[in-house]
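Okay, let me pull the model up on the screen. I'll go through a few parts of it one by one, so have your viewer ready.

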Amino acid sequence: MSRHARVLSASMSASLALVLLGACTGQESDDDSGRRSRPGVATGTVIGGTPKKGGTLTVLSNQDFAHLDPARNWVMPTMDFGTRLLYRTLTTFKAEPGRKGSEIVPDLATDLGRPSDGGRTWTFTLKPGLKYEDGTPIRARDIKYNVERSFAPDLAGGPDYAQRYLADAEGYTGPLEGKHLKSIRTPDDRTIVFSLRRPVAEFSYTVTLPTFSPVPEAREKGVQYDLRPFSSGPYKIDSYARGKKLVLVRNPHWDPATDSVRKAYPDRIVVQQGMKGGQIDDRIIASSGGDSSAVEWSDLQPASIAKVLPRPEIRKRLSAEQTGCTDMLALNTSRPPFDNLKLRQAMQYAVDKDAQVTANGGPALNDIATAYLPPALTNIRRADFLYGRSTTGDVKRAKKALAEGGKPHGFAATITVSTGDKTRAEALQQSLSRVGVRLQIQTVDPSVYYDTIGDTEHAPDMAISGWCPDYPSGSTFLPFVFDGRTIKKKGNQGNVSQFRDKAVNKRMDEIAAMSDAARANRAWVDLDPAIQLKSPAVPLLWERKPLLVGDNIAGAFGHSAWTGQFDFGVIGLKDPDKGQG
């Protein structure tokens with residue numbers, strides 16, 4: 001569920017596409033996962049070697065965080081930032097590049113959990129000696145409390161696995177009024193037991209999510225907790241001016257002996273927010289002064305890529321890991337025009353996906369998506385071509401579908417996009433105009449984008465939306481994007497299309513009940529084209545995440561679990577004396 005800020009003019013798009021095509025020719029290859037590798041771009045490698053301890057790491061960002069409250073944090077890069085720096089979870093992903101990064105290890109827990117009752121009950125024991133930033137002990141009841149907080153309507157927007165998996169949780173609205181779940185037991189301060197409504201073989205992965213980090217009830221501040229989460233990780237918040245600056249300093253009570261993953265190299269981490277993307281790129285490309293110890297938060301702008309790829313000394317500082325996500329054009333099926341199947345199918349034919357590639361940085365950083373599930377979940381490069389093989393669209397078939405849907409002359413529609421995706425929206429506007437669809441574009445700030453399109457009563461007709469699996473399983477993708485029972489009035493983070501289909505829901509339940517994980521995975525792959533035929537969304541792109549670092553940065557790599565964002569648990573500086581401030 002990670003969006004990427006993009007700004008690119010039409011004239012720059014054309015010239016940049018030629019540069020990127022040139023950068024990709026000659027040595028393109030497929031690795032053993034079926035993913036395409038790009039020459040000269042760092043994927044699966046560590047930039048800058050091993051960091052040294054100390055100094056100040058600077059993060060330059062064009063936006064604020066949507067939510068730092070662990071109950072509300074469900075945007076992949078922010079989940080990385082939160083769970084690596086501010087709060088720990090029961091289990092977590094290894095801090096390694098490439099495929100090894102998708103493996104999990106114990107974090108707060110002593111092991112990966114102990115299932116019983118056929119996988120319906122999971123028990124975790126906390127490590128001894130765990131402490132918060134004030135030196136008080138972390139208790140099992142604090143993890144229970146945060147899981148319960150995720151049910152509170154006022155704290156919407158976070159992962160909803162607890163709502164999906166926990167037994168006897170129907171109608172529960174959180175602990176803020178003193179009510180607690182019986183399906184989570186804490187018999188002592190170091191033991192937590194989850195009772196699930198059905199077997200969940202992959203629950204060890206589920207508890208990597210920030211929902212399963214500790215929040216002491218005494219620290220509850222409702223929606224204001226976003227501003228100052230109480231730290232169980234290696235850093236704590238020193239100051240936070242939203243949209244301007246966040247400063248983290250060391251948590252003196254974090255014990256590295258209890259943490260095999262986080263290295264906490266910098267003494268301070270400063271996040272400068274509200275900057276323009278092109279300005280960030282230029283500063284890190286120049287890498288002068290303090291900017292040599294800086295990394296960028298959001299993607300390298302397409303206009304800047306041409307400044308980087310032809311220059312080996314700068315290109316070696318570029319990470320471009322695959323995001324593992326699918327970018328889609330969500331169609332609001334809850335009302336006209338897209339409550340009409342034929343009109344939805346017309347959009348599959350009308351969209352020019354080549355134009356989306358160009359507007360989003362070119363072929364070096366994008367593949368055309370032909371399915372909802374990303375290749376990382378299918379282990380193959382899916383190519384269903386249910387709506388034809390043309391990557392520029394099929395105007396004739398689109399007009400035919402529009403006529404069959406009762407709109408032979410097209411219709412007017414609205415689309416909401418992040419400010420950085422305006423160029424992509426304009427490319428959609430142009431391609432849809434070929435079949436008479438008149439698209440009105442509304443842009444909103446990236447920090448409130450998902451809250452905006454997640455307000456179902458005021459949602460637009462279309463939105464550019466992405467989904468990223470929370471861990472390597474089809475169960476973390478299709479149900480979240482297309483199960484009509486997950487739709488929320490506000491904070492509707494997954495099913496942006498508001499797609500409701502009883503047959504699809506029934507099949508999802510059948511797959512979820514399968515005890516054979518391999519069989520279930522094949523069933524998820526087979527369900528993908530069945531949903532495509534009902535066209536709740538148009539698959540657009542499979543992206544890479546281009547991020548640049550200053551030349552004093554070490555230990556940097558895009559982590560596969562967090563859509564290619566840098567792993568902030570292990571990044572640091574080559575020379576800490578150059579990163580003071």
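So, this is a predicted model, and I'm starting with the open sheet of 4 strands, which go in the order S6-S7-S9-S8 with antiparallel pairing. At the edges you have S6 and S8, residues 184-188, and each of those pairs on one side only. If you look at how neighbouring strands sit here, they're turned by 20° against each other on average, direction ignored.

Let's walk across that sheet. S6, residues 114-116, pairs with S7 in the antiparallel sense over 3 bridges, and there you can find Arg114 opposite Thr123 in S7. The hairpin of S6 and S7 has 4 residues between the strands, and in it Asp117 takes a positive phi near 55°. Click on that one if you like looking at backbone torsions.

Next over, S7 and strand S9, residues 191-195, run antiparallel and are joined by 5 bridges. Thr125 is the residue that stands opposite Thr191 in S9. Then S9 goes on to S8, again antiparallel, with 3 bridges, and Arg185 faces Val193 in S9. Packed on this sheet is helix H3, residues 140-149, which touches S8 and S9 and has a direction at about 165° to that of S8.

Now stay with S7 for a second. How many of the residues in S7 are buried? For S7, residues 121-125, it's 5 of 5. Thr121, Thr123 and Thr125 point one way from the strand, Trp122 and Phe124 point the other way, and all of them are buried. So you've got threonines on one side and aromatic names on the other, and the burial holds for both sets.

Okay, second sheet. This one is also open, has 5 strands in the order S10-S11-S12-S3-S13, and its pairing is mixed. Why do S10 and S13 have a side without a neighbour? Strand S10, 235-241, and strand S13, 294-296, stand at the edges with a single partner strand each, so one side of each is left without a neighbour in the sheet. On average, neighbouring strands in this sheet are turned by 20° against each other, direction ignored.

Inside that sheet, have a look at S3, residues 56-60, and S12, residues 268-272: they pair in the parallel sense over 5 bridges. Leu57 is the one standing opposite Ile269 in S12. And lying across S3 and S13 there's helix H6, residues 277-286, which runs at about 140° to S13.

Moving on to cysteines. A search of the whole structure turns up 1 disulfide. It joins Cys325 to Cys468, with S to S at 2.1 Å. For the torsion people: the link of Cys325 and Cys468 has 105° about the S-S bond and is right-handed. The two ends come from distant parts of the chain, 143 residues apart: Cys325 is in the loop between strand S14 (318-322) and strand S15 (326-331), and Cys468 is in the loop between strand S19 (462-467) and helix H15 (478-482). Buried or exposed, then, for Cys325? Buried, with a relative accessible area of 7%, and Cys468 is buried too, at 2%.

Last stop, two helices. Helix H9, residues 341-350, is mostly covered, with 8 of its 10 residues buried. Among the buried ones are Leu343, Arg344, Met347 and Tyr349. What do they pack against? The list for H9 is S15, helix H12 (395-404), helix H13 (422-433), S19, H17 and strand S20 (537-548). At the start of H9, a side-chain oxygen of Asn340 comes to within 3.0 Å of the backbone nitrogen of Lys342.

Helix H16, residues 502-512, has Val504, Asn505, Met508 and Ile511 buried. Those four cover an arc of only 125° around the axis, so they're on the same side of H16. Over on the other side of H16, Lys502 and Lys506 are exposed. The cover over the buried residues of H16 includes H15 and helix H17, 517-532. At the start of H16, a side-chain oxygen of Asp501 reaches to within 3.1 Å of the backbone nitrogen of Ala503.

That's my tour, thanks for listening.

Conventions: Residues numbered from 1 in each chain as written. Predicted model: local features only at pLDDT ≥ 70, side-chain atom pairs only at ≥ 80, totals over all residues. Heavy atoms only, no water. Pairing = 2+ DSSP bridges. Axes fitted to C-alpha atoms, helices over the stretch in contact; angles between N-to-C directions. Contact = heavy atoms within 4.5 Å. Disulfide = S-S within 2.5 Å. Buried < 20%, exposed > 50% of the residue type's maximum accessible area, 1.4 Å probe, protein only. Arc of directions from axis to C-beta. Polar contact = N/O pair within 3.5 Å; in protein donor to acceptor, adjacent residues only side chain to side chain.
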